[in-house]
Amino acid sequence: MLVLFETAAGYALFKLLDDGKLANPEKLWQDFDTPESANEAVKLKAFQKFENMSDAVSSVTALLEGKLSKDLKRFLKESIDSTSLKGDQLAVADQKLGAEISKKLGIKVISDSTVLDLYRGIRQQLSALISDVDSRNISSMALGLSHSLSRYKLKFSTDKVDTMIIQAIGLLDDLDKELNTYSMRVKEWYGWHFPEMGRIVNDNLTFAKVIKKLGVRSNSQNTDLSEILPSDIEKDLKEAAEISMGTEIAEDDILNITFACDQVISLSEYRTELYQYLQNRMSAIAPNLSTLVGDLVGARLIARAGSLISLSKQPASTVQILGAEKALFRALKTKHNTPKYGLIYHASLVGQAGAKNKGKIARVLAGKASLAARIDALGEEKDITAEVGRAYRSKIESRIRHLEGRFGNTGPKSQKKTEKFEFQKGTASYNTSADVTNMEVDEAKESKPIEAIETTKIESDQALPSSSGGQKRKAKEIESKEDESESESGSDTTSSSEAKPSQKKRKQDEELETKSKGKEKAEESKETLSKKSKAIKEEKKESKKVKQLKEEKVKEEKVKEEKVKEGKAKEGKAKEEKVKEEKVKEEKVKEEKVKEEKVKEGKKEKKEKQAKTSKEGKKDEQKSSKKEKSTDKKKSKKGGSSKD
């Protein structure tokens, strides 16, 4: 088995003398414990050095990407095809590289955990296995190769261009802040001399240019400001300069103010150049995102995410809230509504929508912006024309038009067509033909025969208990009968006069019968009505009783709840009293302990004082005894000398 080993100095090809050692990878480290055992396990077959640092960097970058470089391909072909090692297997650490070698060269490749253990042993005894290269040289080569490789990665990094955008947008924001501070200071400073100018000229750059050209306000009549200001504003400015309420200032003050104006002008010019640079960078790196959201908002999104690739990895929901992280976490803590938009709020499409639809448009725009960022970052070919961004922008604009037209915030309102009421002038005329006097009604009644009148009375009595629909029908029947009676009265008068007495008796009997029937029906209807009224009254009484019972139950429940609350309140008070009593007891115990400690400390102090006094007394006694002894000795010496 052959082993391909990559070093900082070059490629090495080893021959594993015993293939059975890979069967026990746990004991493989014993074969590489010493240089002698390593030379017995593995033997160097071929070694190819890198000619220079550029070749080393190119080959190492290819290895990191899992690709087969030209140098490695040539080395494997020369070392394997020229020798008798053609049928052996090749051990490779990287699986991607092994797949490339087996695909392009047709060599059997092994790359698993046992191979990694074998690599670890070879790396441990590399200086002993490769005699041509010293271990110190290999370490220095590895250090130099790592430095050059890191430089190569930074040089050709895609994130490096993103860093330019991030730095540019950061500097642009800083310039805006500086310009605001400088311009405010200039306005306040020059306002003491010419306060009316701040109301007339609003732009900071034009304000600075006017001050630089004008100087003192007394020069306003002699200076021409037509290049800076329009004619109307120039006229107003000159009129205000004549009637100004400002104070007079010295030449040194004007010089310092003009120096500050020079700073404002130079910073604003540099800001325009920087903005143009940022536009060019954004159109080159993220054209779809810049057309959809805008150059400034797109650059701020990239700066907040860190790079264009990291922005493309984030979902649309994160892009929507990007820049409002503090508000989001505050809302999650306080359990309020989360924010609907962050930096994306400053996009022109969100500004076009109404107040109610800003959240919807921000959500739609965030989704399309995340897609545009993925196309810009991960697309194989850069879309310089930004066709995708334009298509997304047109879709969002149509969505805004649809929402605004639907809800009627700013779009055309859908109004219902209603006809206007028009008052028709003119007085209504009185219709005399439709008027009927009482005299005409009496004459019509007299002209009618007696039979028709009686039948109408009977039928009217019968119609009382019936419904309104039956009354209409009976009125029609009465009218038809009246017409028949009138037609009969107009016929032969002789036959009617002879049959009158017999007909009257019959009709009287019929009237009595119909009256009796009508009375019975009326009584029946009255009974039914009375029964219905009684039933309704009983139902009302029952409903009242049910309501009363429900109210009583509710009152009882309220009373129970109040009692429960009172009981809980009493229990709480009792617990509080117990807690207070316990606290009082604890405080008393603490006071007693403090008193005991004080007493103990007093006793200790007394004992210490007594011990000190006793020690001092002993010392005094010792001193006195020493003095007595010394005096005795002196006396004895004097006595001895006197004897002599």
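I looked up burial first: 28% of the 644 residues in the protein chain count as buried. The model is a predicted one, which I kept in mind throughout.

I then checked the exposed surface. The protein chain exposes about 46100 Å². Carbon and sulfur atoms supply 51% of that area.

Next came secondary structure. I found 26 helices and five strands in the protein chain.

For contacts, I took pairs with a separation of 6 or more. Residues 24 or more positions apart account for 65% of these in the protein chain.

I turned to the cores. The largest nonpolar core holds 62 residues. Y190, M197, L292 and L311 touch the most other members. I asked which helix gives this core its largest share. Helix 13, residues 251-285, does, with eleven residues. Another core, of 46 residues, lies apart from it. L2, F5, L22 and L63 are among its members.

I followed Y190 further. Leaving out residues up to four places away in sequence, Y190 touches M197, F207, I211, L214, G215, V216, R217, I254 and I257. M197 is thus listed twice in my notes, as a contact of Y190 and beside Y190 among the residues that touch the most other core members.

Last, I searched for cavities. I counted one cavity of 30 Å³ or more. About 40 Å³ of space lies in the largest cavity. What lines it? I noted S183, V186, K187, N204, F207, A208 and V264. By class, the lining has four nonpolar residues, two polar and one charged. Helix 9 (159-191) and helix 11 (204-214) each supply at least two lining residues. F207 is in this lining, and F207 also touches Y190.

Note on methods. Residues numbered from 1 in each chain as written. Predicted model: local features only at pLDDT ≥ 70, side-chain atom pairs only at ≥ 80, totals over all residues. Heavy atoms only, no water. Core = buried A, V, L, I, M, F, W, Y, C linked by side-chain atoms within 4.5 Å. Buried < 20%, exposed > 50% of the residue type's maximum accessible area, 1.4 Å probe, protein only. Helix = DSSP H or I, 4+ residues; strand = E, 2+ residues; numbered from the N terminus. Contact = heavy atoms within 4.5 Å. Areas by Shrake-Rupley, 256 points an atom, 1.4 Å probe, with all protein chains shown as cover. 1 Å grid on protein atoms, 1.4 Å probe; cavity = no way out; pocket = protein on both sides within 12 Å on 5 of 7 lines; lining within 4 Å. Points joined across faces, edges and corners; volume = space filled by probe spheres on them. Nonpolar A, V, L, I, M, F, W, Y, C, P; charged D, E, K, R; others polar.
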